[in-house]
Amino acid sequence: MLKGKGICVIIGLIFGFAVLHLAFPPAQHGPRTTGAVMLGGTAFLLMTCSIILSTRLEALEDWFGGLDRMYQVHRIAGVFAALTALVHFFGVPKELPEAVDPIANAVAPSAPLGMLGLIFLVIGLFIALNRKIRYSRWRPTHKVMGVVYLLIIGHFLTAPGIFFERFSASGIVLVLAAIVGLVALIYSLFGMNKRTALPFTIESVNALERATEVVLKPIDRMLEFKPGQFAFVEVEGKGWNEPHPFTISSAPGEDRLRFTMKVLGDWTRKVREELEPGGSVQVRGPYGRFDAIKAGERQVWLAGGIGLTPFLSMLRSMGKGDARKIHLVYAARDERDAIFLDELKQRASELVNVTLVPLFSDEGNFARVDMIKRRLPDPLGNYDYFMCGPKPMVEGIMADLKAEGVSRNRIHTEAFEFR
Ligand SMILES: Cc1cc2nc3c(=O)[nH]c(=O)nc-3n(C[C@H](O)[C@H](O)[C@H](O)COP(=O)(O)OP(=O)(O)OC[C@H]3O[C@@H](n4cnc5c(N)ncnc54)[C@H](O)[C@@H]3O)c2cc1C
């Protein structure tokens, strides 16, 4: 579920625009045209919000609860933009109002630009939502959405004045949105990767069970981060393509930066097979708001497989006087699959406030609320929950916890995917 200030701002913006458009319409139309034009403006505002969210601006993370949440809202805003644009298209009457000069309208590019924009928007959305397309192929095609945005700006700026009046109240909102959206688009496409990039040297590449630990030594200075945060890792060299996000599994204060990467696709396989000590890596970040420090005293950390990485950092950074009582539930297929199990056992024995609860599915123990409940000394409602792992696991546990009466505010999740 999504929460936060950012969502309220988006809803407030759409609502404010609708009120302005209805209270001070650019022209006297029937309700159908007024409504259809308003939905067109709404679609454009949603696209603008979606573009702003793709800038990965750190300031926005607090408003939305982390970069992974920003991408969720980015996606939802895109879907609603396409839906409202479709209703706008079918809603606008095809016969022109009398006040519009048919010759002037025939030469105005508004209609073809809008039509093209809508077609590309719908196609782009189908591609964007298709998880079967490999990320490295998907990403460049997704950038084409920038062209859709330009087409839509062209569409409303050249629309006959009877529909869109630049100096009407709602028209001013759209023009301002277009300016902000264009700046965000340029920044997103060309600027953001230059932000906070720190150079590192690869010190070691350690093969684990179906995962690889990459240990990095800073060249200039160490990245500052909080346990649970992640960063984009970009390997320098041919064929490494785009940066990939990984949670930092070392603790703040260590003199090395560590990432633990599950072997999943081409890039992570290449890390395991080809990455060598001495190579150069750029790290950008930190990002994310998966922070267990400020939550209540009793906490359950739920890690599914590679979802252990944020908790590794949290555990590695925890001091002996920590007042929290933590149950770390670590779900894996079997003991062999549970990477860092020995270290976790060791830490749990050193830190009296941490109880390790391994759940191995091969032994009939699954990451399910009934299994977890049996292993907790207090009722489920007394804990704050932090979860990271496969989507079905996280969603299933979240639904069951809510059904058991745990407040949504006490459940915190980190998604390992942006699309
Ligand atoms: C916030 C966050 C934290 C993460 N932390 C970890 C971690 O600590 N350990 C770990 O093993 N994995 C982590 N991941 C997942 C990791 O980024 C992907 O598994 C990895 O990028 C897969 O790349 P691939 O080419 O090998 O696999 P592919 O099969 O190409 O990709 C698998 C999936 O990974 C995602 N992905 C691929 N490339 C990128 C990219 N460049 N940018 C964003 N997403 C991409 C896509 O959702 C894709 O469907 C994290 C992801 C996110 C979003």
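**A tour from the ligand to the sheet**

Start at T268: one of its polar side-chain atoms sits 2.5 Å from an oxygen atom of the ligand. Keep in mind that this model is predicted.

Now show the ligand by itself. Alone, the ligand exposes 880 Å². Bring the protein back, and 90% of that is buried.

Next, select K262. A polar backbone atom of K262 lies 2.6 Å from an oxygen atom of the ligand. Move on to T247. Here a backbone N or O atom is 3.1 Å from a nitrogen atom of the ligand.

Widen the selection to the whole shell. The ligand is surrounded by 23 residues. P243, H244, P245, K262 and T268 are the closest. Colour the shell by type: 12 residues are nonpolar, six are polar and five are charged.

Which element gives the most to this shell? Select β4, which contributes four residues.

Leave the ligand and go to the open sheet. Its five strands follow the order β9-β8-β7-β10-β11, and the pairing is parallel. Select the edge strands, β9 (354-360) and β11 (411-414); each pairs on one side only. Look along the sheet: the twist averages 15° from one strand to the next.

Zoom in on β8 (residues 325-332). Seven bridges join β8 to β9, and the two run parallel. Pick A332 there, and you will find F360 of β9 opposite.

Last stop: helix α11 (residues 309-317). Helix α11 lies across β7 (298-304), β8, β9 and β10 (384-388). Its direction is at about 135° to β7.

How values were computed. Residues numbered from 1 in each chain as written. Predicted model: local features only at pLDDT ≥ 70, side-chain atom pairs only at ≥ 80, totals over all residues. Heavy atoms only, no water. Pairing = 2+ DSSP bridges. Axes fitted to C-alpha atoms, helices over the stretch in contact; angles between N-to-C directions. Contact = heavy atoms within 4.5 Å. Near = heavy atom within 4 Å. Polar contact = N/O pair within 3.5 Å; in protein donor to acceptor, adjacent residues only side chain to side chain. Areas by Shrake-Rupley, 256 points an atom, 1.4 Å probe, with all protein chains shown as cover. Nonpolar A, V, L, I, M, F, W, Y, C, P; charged D, E, K, R; others polar.
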